[in-house]
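Reader: I'm new to reading protein models. Could you walk me through one, feature by feature?

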There are 2 protein chains.
Amino acid sequence: MVETEACSPVPGLAATAEVAPVQVVLAALADPVRLEMVRRMAAAPDRTERCAALYDDIGKSTASHHFKVLREAGLTERTYVGGVLHQRLCLDEVETALPGLLTSVLTGLSGAD
Amino acid sequence: MVETEACSPVPGLAATAEVAPVQVVLAALADPVRLEMVRRMAAAPDRTERCAALYDDIGKSTASHHFKVLREAGLTERTYVGGVLHQRLCLDEVETALPGLLTSVLTGLSGAD
């Protein structure tokens with residue numbers, strides 16, 4: 001069960017940042033590791049996935065760096081599910097700030113399968 | 001007068017590449033110099049602008065590199081206007097390949113003014 005409302009602040013974690021300017025969002029998305037993280041979150045229930053399920057061939061600290069870049073762009077937030085830290089894709093917030101961007105990227109990614 | 005049809009091959013220049021996969025397009029857009037080039041092309045008549053009007057504080061060879069990245073992503077093509085080399089934004093082609101992406105980016109950029 002997801003214990004937080006959609007992209008609301010999580011007690012004990014920093015409040016979700018606003019969606020960053022489009023330049024910052026593009027830079028966050030323009031990395032194959034982060035793009036795959038975003039794709040997996042988008043495909044997960046509640047767009048929320050445990051951290052370790054979001055990457056394959058990188059170390060934990062590298063993954064943490066990528067999570068931070070995504071979070072600081074306002075694309076994701078941290079949340080807890082069953083007491084375990086997860087990452088959630090803030091799809092609705094990004095769609096409101098930059099309509100069409102993330103859905104277009106996700107559609108482009110699924111077309112590449 | 002623009003001497004070529006929209007994003008058609010220009011005699012003497014390489015044919016326009018297809019729009020690249022979304023990962024490549026994102027990487028091409030995720031650079032402030034290239035994003036400004038795209039913004040200026042989008043604002044120009046026929047989305048076509050002479051090269052030197054598309055950048056300010058970089059050298060010609062750096063600009064050429066950026067033009068190449070945009071072109072190889074399928075975002076732009078080279079065209080001649082009055083015998084002078086211009087760059088044209090292939091907005092319609094990109095919209096067809098990745099609906100919403102470029103318009104969302106351009107809207108995001110104009111909102112940042």
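Reader: Let's begin with the strands. How many bridges join strand β2 of chain A to β3(A)?

Author: Six bridges join β2 (residues 76–81) of chain A to β3(A), and the two strands run antiparallel. Keep in mind that this is a predicted model. To follow the pairing on screen, pick out a residue and look across for its partner: A:T76 has A:L89 in β3(A) as its bridge partner.

Reader: What links those two strands, and what does A:G82 do there?

Author: β2(A) and β3(A) make a hairpin with two residues between the strands, and A:G82 takes a positive phi near 60 degrees.

Reader: Which strand pairs with β3(A) through three bridges?

Author: That's β1 (residues 48–50) of chain A, joined to β3 (residues 84–89) of chain A in antiparallel fashion. Look for A:T48, which sits opposite A:R88 in β3(A). Here's a general idea for looking at any sheet: in a regular strand the side chains alternate between the two faces of the sheet.

Reader: Now chain B. How do β2 and β3 of chain B run, parallel or antiparallel?

Author: Antiparallel, with six bridges joining β2 (residues 76–81) of chain B to β3(B). Two pairs will help you trace them: B:V81 has B:V84 as its bridge partner, and B:T79 is partnered by B:H86. The hairpin of β2(B) and β3(B) has two residues between the strands, and B:G82 in the turn has a positive phi of about 55 degrees.

Reader: And what stands opposite B:R50?

Author: B:H86 in β3(B) does. That fits into the pairing of β1 (residues 48–50) of chain B with β3 (residues 84–89) of chain B, which is antiparallel over three bridges.

Reader: Let's try charges. How many salt bridges does the structure hold?

Author: Counting over all chains, there are 12. One to find is A:E36 with A:R40, where the closest N and O atoms are 2.6 Å apart. Both residues belong to helix α2 (residues 32–43) of chain A, and they're four residues apart, about one turn of the helix.

Reader: How many salt bridges are there between chain A and chain B?

Author: Zero. What the interface of chain A and chain B does have is six residue pairs in polar contact, with both residues at pLDDT 80 or more. On chain A, the elements giving two or more residues to the side that touches chain B are α1 (22–29) and α5 (101–111). Sorted by class, that side has 11 nonpolar, four polar and no charged residues.

Reader: How do people put a size on an interface?

Author: It is often given as the accessible area lost when the parts come together. Here, chain A and chain B bury about 1200 Å² between them, with 80% of it on carbon and sulfur atoms. A:V22, A:L26 and A:S104 supply 35% of the area that chain A buries against chain B, more than any other three residues. If you'd rather count residues, 15 of chain A are in contact with 15 of chain B.

Reader: Last one: what rotation superposes chain A on chain B?

Author: A rotation of 180 degrees, with 0.0 Å of shift along its axis, and the RMSD is 0.0 Å. The two copies are therefore related as by a two-fold rotation axis. The same surface serves both copies, too: 100% of the contact residues of chain A recur in chain B.

Note on methods: Residues are numbered from 1 along each chain as its sequence is written. Chains are lettered from A and ligands numbered from 1 in the order in which they are written. This is a predicted model: local features need pLDDT of at least 70, side-chain atom pairs count only at pLDDT 80 or more; totals for chains, interfaces and linings use all residues. Side-chain values use heavy atoms; hydrogens and water are left out. Contact means heavy atoms within 4.5 Å. Buried area is the accessible area (1.4 Å probe) that two parts lose on being put together, summed over both. A salt bridge is a side-chain nitrogen of Lys or Arg within 4 Å of a carboxyl oxygen of Asp or Glu. A polar contact is a pair of N or O atoms within 3.5 Å; within protein, one must be able to donate a hydrogen and the other to accept it, and residues adjacent in sequence count only if both atoms are side-chain atoms. Ala, Val, Leu, Ile, Met, Phe, Trp, Tyr, Cys and Pro count as nonpolar, Asp, Glu, Lys and Arg as charged, and the others, Gly among them, as polar. Copies are superposed by least squares on the C-alpha atoms of residues with pLDDT of at least 70 in both. Two strands pair if DSSP finds at least two bridges between them.
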